[in-house]
Structures are given as structure tokens and as C-alpha cells.
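Please walk through the structure shown here, starting with the backbone and ending at the place where the chains meet.

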Amino acid sequence: MGVEVVVEGLTKSFGKQTIWRDVTLSIPPGEVSVMLGPSGTGKSVFLKSLVGLLKPEQGKIIINGTDLVRCPESKLYEIRKMFGVLFQDGALFGSMNLFDNVAFPLREHTRKTEAEVRRIVLEKMEMVGLVGAEKKLPGEISGGMRKRAGLARALVLDPEIILCDEPDSGLDPVRTAYLSQLLIDLNAQIDATILIVTHNITVARTVPDNLGMLFRRELVMFGPREVLLTSDEPVVEQFLNGRRIGPIGMSEEKDQATMAAELAHRDAGHSDGSPDEDVRGVVPQIEPTPGLPARDAVRRRKDRVMSIIHTLPTEAQQGIIASLTPAEQSKYGVLAGAGQRVAAPTPTPYPRTRDTEWQRRAGDL
Amino acid sequence: MSAPVPFPGAGALRETGRLFALGIDVTRSAVKRPFQLREFIQQSWFIVSVTVLPTALVSIPFGAVIALQLGSLTRQIGAQSFTGAASVLAIIQQASPIVTALLIAGAGGSAICADIGSRKIREEIDAMEVLGVSPIQRLVVPRVLAAMLVSVLLNGMVSVVGVMGGYFFNVVLQDGTPGAYLASFSALAQLPDLWISEFKALVFGFIAGIVAAYRGLNPAGGPKGVGDAVNQAVVITFLLLFFVNFVLTTIYLTVVPAKGS
């Protein structure tokens, strides 16, 4: 099973500019998590901090009992062998062909014979649909192929944590769907912890078990997918629906005047092209391809979520309960549409205040 | 967080410190296994292929200039028989390591810097680190060692070609006597001169490799940053080389007594 990544009070800045501060979350072992956020909110920086490429000024990142922020270089190299990272552009070695690229970690870290290396590499290449392209150089293939080759390379050492930096950027919706399916299938097969950083709404809605969002230099929320998907937080609502109306502006933040002007335009009948329908709500998650083993993560997560369900907002509770089968509902002792019964005595009013426990302090999820 | 109060020159000091840190890292990783033999051979061959012809072409006129200058000088003071001795000394001790270093830095170092810099901006270096492979050990060490090896070998070549060029110009153009030119070779020059020459070349190769790698690993961002980094690498290397040459020469002249004294 994958390992847990615990992040505590992480703060990162470049010079005077704070990227994000006091990010606290824990990525549950073996589950798929997605970190959402508008462009330029430091999602990639967050990912690079998790693998120790960037050093945050404050806070801890604990993996297997080791704090990545303050451990010696040699230890860092040991821990990194557990990681498989998919970079935005694949980050393939330009001087090697695809086969050598994918074989690189095997040749560096294992004493496998060339025949074994070949077998493993071809297996991973087939997994990402790149059979026949082994001899090509990274410069000769499309961005999507580079991305898939990067994924194959990230997978050869059977990582326990897979980090994907915008797996969808530069891919068409169909290939994105295939890639999402691939990630879920992977999770079913090797039970690795997966973190995807993206701003693709479809990926965010259908792939993860857990969902978080970075905005305005902090973590808006992180928790079970139902929580964010049903959230009334204005930022989340705007982002999920891809609207202009809301706190996110063209530059990171919006001032009152711009917001008022936009509202006035809308009230005057100006169409900004965003859909009227609200896409929030819990949608079915992608399941592993039939024939593969069921994902253990789903069962583990269900137990975990049901044990904390009373702390979640009502909409999320209803979404979760509605997604259970009748057998499960009786197992956990809840009834569909009866979210209120298990809810805390006084449901937290909306909009939620920042200090509400489930929003940012997800350490116990 | 309290940012340290910036004072003039702080940036330069920081850069210098990082450069030294990289130098130490490279030295430490050089003795650590596994050694990247393949990469080392490839890089050595690459550096040789870009430097050998320009070096030969530069060293012929260089030897000639020294020979001509010394030839007229020695004639003025009536010491023609020492032309050969003086030009050998000048070429082996000074000219040849400097010519080697300039070409290693200009041709080899710029290529190393551009290569590492473009890998850095394509995130290849990051990817390598994430795959648990130290880019210093995998990429930088073989390149620095290759630069050192090639510069020692080139130094030998420059010495030979320079002395031959000096001989040609002295004998053919200035009517020097071939016998006197050759016979006076060992009048002033001694074996330690050759050692210091090779030692200088070794140090220059190291500096050129480290500076190129350092600038390549820290480009200012974007493809233009890589171009700037290459430019800076060459300039910084030149400045350092002439300074180090001055220091080494001073130490050598103090420590090793001149022949016959």
C-alpha cells in the first residue's frame, strides 16, 4: 500500500512574494487526491516541495517518519526512490530515445539484466500506449506522447507515491479521459498514493477520492471529494463552474470595483458565455477497468469518511449517503436522504468561517 | 521571517560561495561510486572534438609571436643563443596553459554550460533528482573530469606545436641557427616547468568545468537565460583563469628556484 504524506504548516515564498502559507493537510495512503487551483497559485511549487526540489521556509512534510524539509541530501535521495513524478512536459532526457528514457531508473537503481529491463520497459510502454515508439527521440513526438512516456518512466520503479503535474495540459479531452482511467487503473493495481495537480474540472470531478483547492496563498480546503464538490464556498463554486463572476479575477484577485462592474454587466443581460447550470454536486467516480481488482482505497476511504461524516457539511453528507448501496447504508447505519439525522446538532451556517475544523485542518481525515 | 539586510556585494559573495560549494560537491562526488565511465569518455571525446583544431591553429601563431618578439629582443642585447631557451620557457610555462584554458573555456565550457542549462530549463535536471539520481554525479562530475583530462592533453599539444612554430619562425624568418635554438632548450628550462604547466592546465580545466556547470545549473529562466548563462560562464572563467594563473605563477617562482641559481 502507498504511504501517507503529512504536510504541516507549510509556507513557501520566493523573496518577498509568499506563494502559500500554513498549508496543512494529509494525503491518505493509497488514495487518489487532486489539488485544484487557478493558474499561478503555486500548485506546481507545492508538488516540487513535496519531492524536495524546493525547500519551504516553514513547516514539515513527513513521509515514512522523515521530514523532507529538513533531512540531509542523502536521505532525500533514498526517499525519492519511492516517488514517481510526472512533470508538466514529461521532462524526458532529450539525448535518449524513449526506451532508454523509460529504462533509465531501472539501469541506475537496479541490477536487473538487460532482458528484464526490456521486459519491464515494454510492459510500461504498452500500459501508456506507446508500443512501437521506443526508438523515437523526445524531440520527434507530440506533447501528449511525451507526457505518456514521462508517466511510463515514473512507473518503472513501482512507486508508492505518484505525483502528476497537470496530466491534462496539452492533451485533448479524449486522451485526458484515457489518462484519468489509466491513473485509476494504476491505483487499483499497485495501490499507490496518487496526487494530481490540475485545473481541469472534469478530472477533479471524476477521478479523485479527495479534493483540495489552493487560492489566494492558502489552502481553501482539503477533504473527501464530496465536500468540495458540494461546497458553497464562492471560490470553489466559481472555479468548478468556470465563471467570471466570483472572487477569482484575471490577475489572482479581484477588487470590489471589478466585481461590481461584472455583476452589473450580468444583471444588464450581458452573457459571458459561462453555462447557467451549476455543475457542482457529487458525480460518479471513475471505476477501474472491468477485469482489474477493485480498488482497496475505495473501501478504506468509505470507512474513514463514514467515521467522520458527522463533521462534514450537510450537502456533502447527503452526497456521500446517496452514493452508498442499500447494503452499505445499513452497514453504516444511515438512510438515504437522512443526512440530518447523523448531522451535528447545529449544522454550521454558510458561508463557513475559516476556522471550521473540516476546512483546512484535514490532518485527521 | 526576517530577510537578511542586503549590503553591497552580498549577491556576489553568495554566488561565489555557491560556486565553491559546487566545487566541493563535485570533488566529493568524483570519488564516490558509481563512476560514470561512459559519460566521461563521451564528454572527453566531445570536448576534444570541439577544441583540438582551434587550439592547434591558435598555438602556431602564438608560438611564432613569442619567438619573433624574443628573437629581436635577444638580438638587441646580444644573446641570440638563448632565443630557444627563453621561448621554450615562455611557451611551456605561460602561453600553453593559457591558450589551453581559453579554448577549454570558450569551446568546451560554453558547450557544457549550454547543455546543462537547456537540460535545466526542460526540467530534465529536476526529473533526474526526483528519480533519485544526483545530477552532480551523473552529469557534472564526468564533464569536469573530462575538461581536466582534455586540458592536460591539449596543454602537451600546445607546448609541442608552439615550440615547433617558434622554431620555424626563428630559423626561417629571423635567420636563427637551428643548432643554437635546440641546444639552448635546456639552458634555462627545467623539468618542474613542465610539471607546473600541466598542473596549471589541470586546475584551469577544473575551473572551466565547474564554472560552466554552475552557470548551467542556475540559468536566469527561459531560453534567453541559458544564452546569458553561457556568456557569463565564459567571461567568469576567463577572469578566474587569469587571476589563478597569476597566483600559481607567483607561488611557483617563489617556491622553485630558477635553474642555475
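Helices and strands are taken as DSSP runs, a helix being H or I over at least four residues and a strand E over at least two, with numbering from the N terminus. The model is predicted.

With those elements in place, the loops can be read. One of them connects helix 6 (173–190) to strand 8 (193–197) of chain A, and Asp191(A) lies in it. The phi of Asp191(A) is near 55°, a positive value in a residue that is not glycine. Most residues other than glycine have a negative phi. Asp191(A) has 19 C-beta neighbours inside 10 Å and therefore counts as partly exposed, since a buried residue needs 20 or more.

A second loop, between strand 9 (210–215) and strand 10 (218–224) of chain A, holds Arg217(A). Arg217(A) is not a glycine either, yet its phi is positive, at about 60°. With 19 other C-beta atoms within 10 Å, Arg217(A) is partly exposed.

The contact between the chains comes next. How many residues of chain A are in contact with chain B? On the chain A side there are 17, and they meet 12 residues of chain B. Helix 2 (73–80), strand 6 (83–86) and helix 3 (98–109) of chain A each supply at least two residues of the side that touches chain B. Helix 3 of chain A gives the most to that side, with 4 residues. By residue class, the side of chain A that touches chain B divides into 10 nonpolar, 2 polar and 5 charged residues.

Methods:
Residues are numbered from 1 along each chain as its sequence is written. Chains are lettered from A and ligands numbered from 1 in the order in which they are written. This is a predicted model: local features need pLDDT of at least 70, side-chain atom pairs count only at pLDDT 80 or more; totals for chains, interfaces and linings use all residues. A residue is buried if 20 or more other C-beta atoms lie within 10 Å of its own, exposed if 12 or fewer, and partly exposed in between; C-beta atoms are placed from the backbone. Two residues are in contact if their C-beta atoms, placed from the backbone, lie within 7 Å. Ala, Val, Leu, Ile, Met, Phe, Trp, Tyr, Cys and Pro count as nonpolar, Asp, Glu, Lys and Arg as charged, and the others, Gly among them, as polar.
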